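Q: I'd like to learn how to read a model like this one, feature by feature. Could you walk me through it?
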Amino acid sequence: MARTRWLAWRGLVFQLAGILAAFLALVVWLLTAKLTPTELNTLAPDALWGYTVEHLQLTLLAAVIVLALAIPVGILLTRRPLRRFTGPILALANVGQAAPAVGVVVLLAFWLGFGFWAATVGLVLYAVLPVLRNTMVGLQQVDPRLVEAGRGMGMSATAVLFKVELPLAVPVMLSGIRTALVLLVGTAALATFINGGGLGILITTGVNLNLTVVLVTGAVLVALLALLIDWVGRVVEHVARPKGI
């Protein structure tokens with residue numbers, strides 16, 4: 001029993017250990033590197049913490065909006081009366097993925113104004129498709145016989161949805177949510193181009209001023225944050241997965 005549980009969690013433990021080891025290696029490198037006054041000011045702990053908080057605010061707000069939009073729409077598109085709208089809505093949702101992310105963000109900035117909210121809308125457009133698609137796929141993969149059995153027991157369509165279909169669709173839905181979160185963390189770095197904040201400022205500063213340490217630090221922090229969000233998503237998938245699936 002204990003061995004089986006360890007095997008189930010082993011990959012998650014190793015992933016977290018790798019993230020922590022990489023972060024510690026970055027910290028040691030920064031503490032031992034010979035930094036210029038500009039690099040010291042840019043990489044000050046308070047500044048790094050502020051950029052990280054801004055990055056997380058962008059990511060989490062966009063994620064909440066994506067979930068609030070994509071999951072209900074995905075559920076509705078699997079209901080018989082609304083299935084005919086599936087094609088047009090998926091095509092619309094695919095615009096954010098098909099278009100270059102930086103182009104979408106900049107165009108929205110000219111429309112909505114430069115800053116946090118334009119970046120948030122751009123992130124929502126970019127990340128809505130995985131959640132929408134996986135919600136639909138998860139519900140469509142539910143065995144129709146289970147749905148019919150629920151209706152045969154006298155359950156309403158709503159009760160069947162919440163007690164039968166959604167619990168069985170959870171693994172696929174969570175996979176889409178995890179994918180969207182990782183996309184959001186990476187794409188949020190582009191918010192710096194429209195004064196949206198986040199860790200992307202380190203990357204652009206490093207490129208513009210030819211500060212290699214700042215550039216590498218920004219890139220590594222974004223990558224580690226994406227890996228950490230992916231780890232959290234995998235933990236939630238593991239815990240929320242219905243028994244027997």
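**Aromatic pairs, cores and salt bridges**

A: Sure, and keep in mind that this is a predicted model. Let's begin with one side chain: Phe110 has 63% relative accessibility, so Phe110 counts as exposed.

Q: Which residue does Phe110 pair with, and how are the rings arranged?

A: Look at two things, the distance between ring centres and the angle between planes. Phe110 and Phe114 sit edge-to-face, with centres 5.5 Å apart and 85° between the planes. Phe114 is partly exposed, at 46% relative accessible area. Phe116 and Trp117 make an edge-to-face pair too, at 5.4 Å centre to centre and 90° between the planes. In that pair, Phe116 is partly exposed at 26%, whereas Trp117 is exposed at 57%. The structure holds 2 aromatic pairs.

Q: Where does UniProt place the transmembrane regions?

A: The unreviewed UniProt entry lists residues 12–35, 55–77, 89–108, 114–132, 181–203 and 209–233. You can then check what the model does over such a stretch. Residues 12–35 come out as 88% helix and 0% strand, with the end C-alpha atoms 35 Å apart. For residues 89–108 the figures are 90% helix and 0% strand, and the end C-alpha atoms are 20 Å apart.

Q: What does the side chain of Thr52 reach?

A: Here you follow the side chain to its polar contact. Thr52 belongs to helix H3, residues 45–77, and its side chain reaches the backbone oxygen of Leu48 at 2.8 Å. Thr52 counts as buried because its relative accessibility is 19%, and the cut-off for buried is under 20%.

Q: Which residues touch the most other members of the largest nonpolar core?

A: For a core, ask who is in the middle of the contacts and which elements contribute. Leu43, Leu132, Leu184 and Leu202 touch the most other members of this 45-residue core. Helices giving two or more residues to the core include H1 (2–32), H4 (86–98), H6 (116–140) and H10 (212–240). H6 gives the most, with 10 residues. Take Leu132 as a case: leaving out residues up to four places away in sequence, Leu132 touches Ala70, Val73, Gly74, Leu77, Ile89, Leu90 and Ala93. Another core of 6 residues lies apart from the largest one, and its members include Ile75, Leu139, Leu166 and Ala169.

Q: How many salt bridges are there, and how do I read one?

A: Side chains of opposite charge can pair when their charged atoms come close. The count here comes to 4 salt bridges. Arg79 pairs with Glu165, with the closest N and O atoms 3.2 Å apart. That pair links distant parts of the chain, since Arg79 is in the loop between H3 and H4 and Glu165 is in helix H8, 86 residues apart. Arg79 is partly exposed, at 23%, but Glu165 is buried, at 7%.

Q: Are the partners Asp143 and Arg145 buried or exposed?

A: Check each partner separately. Their side chains meet in a salt bridge at 2.8 Å, N to O. Asp143 is partly exposed at 26%, while Arg145 is exposed at 63%.

Q: Which residues are joined into one network by shared salt-bridge partners?

A: Start from the pair of Asp230 and Arg178, whose closest N and O atoms are 2.7 Å apart. Asp230 lies in helix H10 and Arg178 in helix H8, so this pair ties together parts 52 residues apart in sequence. Asp230 counts as buried, at 15% relative accessibility. Salt bridges with shared partners then join Arg178, Asp230 and Glu237 into one network.

How values were computed. Residues are numbered from 1 along each chain as its sequence is written. This is a predicted model: local features need pLDDT of at least 70, side-chain atom pairs count only at pLDDT 80 or more; totals for chains, interfaces and linings use all residues. Side-chain values use heavy atoms; hydrogens and water are left out. UniProt positions are given in the numbering used here, feature names are shortened, and annotations may be inferred rather than shown by experiment. Helices (H or I, at least four residues) and strands (E, at least two) are DSSP runs, numbered from the N terminus. Buried means under 20% relative accessible area, exposed over 50%, partly exposed in between (1.4 Å probe, protein chains only). A polar contact is a pair of N or O atoms within 3.5 Å; within protein, one must be able to donate a hydrogen and the other to accept it, and residues adjacent in sequence count only if both atoms are side-chain atoms. Rings of Phe, Tyr and Trp (its six-membered ring) pair if their centres lie within 6.5 Å; planes under 30 degrees apart count as stacked, over 60 as edge-to-face and the rest as tilted. A nonpolar core is a set of buried Ala, Val, Leu, Ile, Met, Phe, Trp, Tyr and Cys residues joined through side-chain atoms within 4.5 Å. Contact means heavy atoms within 4.5 Å.
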